[in-house]
Structures are given as C-alpha cells and as structure tokens.
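Q: Please take a close look at the sheet in this model. Describe how the strands are arranged and what packs against them, and then turn to the cysteines.

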Amino acid sequence: MMQCKIALLDGSDYTVNVEKRGKGHVLFDKVCEHLNLLEKDYFGITYRDVENQKNWLDPSKELKKQIRTGPWNFAFNVKFYPPDPSQLSEDITRYYLCLQLRDDVVSGRLPCSFATHTLLGSYTVQSELGDYDPEELGSDYISEIRFAPNQTKELEEKVMELHKTY
C-alpha cells in the first residue's frame, strides 16, 4: 500500500492509501467518492514528474509505473471544460469547475481584460461576502480577496463599485 496525497481544488488535501499495483482509476474513483462527485468526465488527477512537468494520471496504467520516484503527491484538476455548463446536473460539479476557473484566472493561466477581471472579481466578492452592507464592510474590504494576478488599487475600486450594486 502507498499513501497518496491529493491537493483538492478548494485548497485542502485528501490522503488515501492505495495499492502500488492499483491502476490510476482506483485513485481517481476514491477522490471522486470523497468529493461526492458523480459527473467525473470533466476531471482528472495530475502529478509532477522528476523534471517537475505536470502529467495527467493515466487511469488504465498502474500507479507505480507512472510515479517512479519521490512522494506520491497528486492534484485533482479540471481536465475538460463543458461547452455548456448549464447542462450539468450537479451543483458540486459546477462548484469544482468554478474553483478551477478562478485559480486559472488568479494565476494568470487564463488571461482576462480589465473589464472581465472587474466583473469576475465582483462575483467572487459577492460569493464570499454576500450582499454589500456598508455597516458590516469597511472601505478596504476586498484587499484580502485575490481575483487577478496583478491586482491593483484601481481594479479593487472598480470591483467594489460593482459589488455595491448587488
């Protein structure tokens, strides 16, 4: 048995034991079961090789043939974005897709215009803090929330302007 540590999209880690000779789908199924995820087709497990290159875990191959050295550390990621997210039947699937999308935007892997960062940032603030309430929130209430790779004061002010309308 080998201990596998999987970084999840919400920033938490999940640790599970699997057989060395087990195939990739065994680990993937255990992660999906832990997450209560039924719509699995859009997701996959990644790992870093000895050159620190990101690779997708092959569900049909043995784990030990894919992870040659080092600790068995993995990440749960979106592999495919659905063409129409409204067709998804599970809220949890949309949630994990949004977490991946947010991470891709914040890290700069998915470039956005200033206007798009503003709109997505305002939605992020709304989802994390709820409706704007001047008595509850100070003047600099979003400085701790990350929603752009190079977040500026100007961007934060525009996001707050939009958030105040929600």
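A: Two strands count as paired here if DSSP finds at least two bridges between them. The model is a predicted one. By that criterion, 5 strands form an open sheet, in the order β2-β1-β5-β3-β4, and the pairing is mixed. At the edges lie β2 (13-18) and β4 (54-56), each of which pairs on one side only. From one strand to the next, the twist averages 35 degrees.

Strand β5 has β1 and β3 as its neighbours in the strand order. In general, strands of a sheet pair through backbone hydrogen bonds, in either the parallel or the antiparallel sense. With β1, the pairing of β5 is parallel and covers 3 bridges. Ile6 has Phe74 in β5 as its bridge partner. With β3 the sense is antiparallel: 4 bridges join β3 (residues 43-48) to β5 (residues 73-78). Along this pair, Phe43 stands opposite Val78 of β5, and Thr46 stands opposite Ala75 of β5.

Two helices pack on the sheet. Helix α1 (residues 24-35) touches β1 (2-7), β2, β3 and β5. The direction of α1 makes about 135 degrees with that of β2. Helix α3 (residues 91-107) also packs on the sheet, where it touches β3 and β5. The direction of α3 makes about 105 degrees with that of β5. Strands β3 and β5 are thus listed among the contacts of α1 and make up those of α3. As for exposure, β5 is mostly covered, with 5 of its 6 residues buried.

That leaves the cysteines. A disulfide requires two cysteine sulfur atoms within 2.5 Å of each other. By this rule the model has 0 disulfides. For Cys32, the closest cysteine sulfur is that of Cys4, and because the two sulfurs are 14 Å apart, they are too far from each other for a bond. Cys32 is also buried, since its relative accessible area is 1%. Cys98 is in no disulfide either; the nearest cysteine sulfur belongs to Cys112 and is 13 Å away.

Conventions: Residues numbered from 1 in each chain as written. Predicted model: local features only at pLDDT ≥ 70, side-chain atom pairs only at ≥ 80, totals over all residues. Heavy atoms only, no water. Helix = DSSP H or I, 4+ residues; strand = E, 2+ residues; numbered from the N terminus. Axes fitted to C-alpha atoms, helices over the stretch in contact; angles between N-to-C directions. Contact = heavy atoms within 4.5 Å. Buried < 20%, exposed > 50% of the residue type's maximum accessible area, 1.4 Å probe, protein only.
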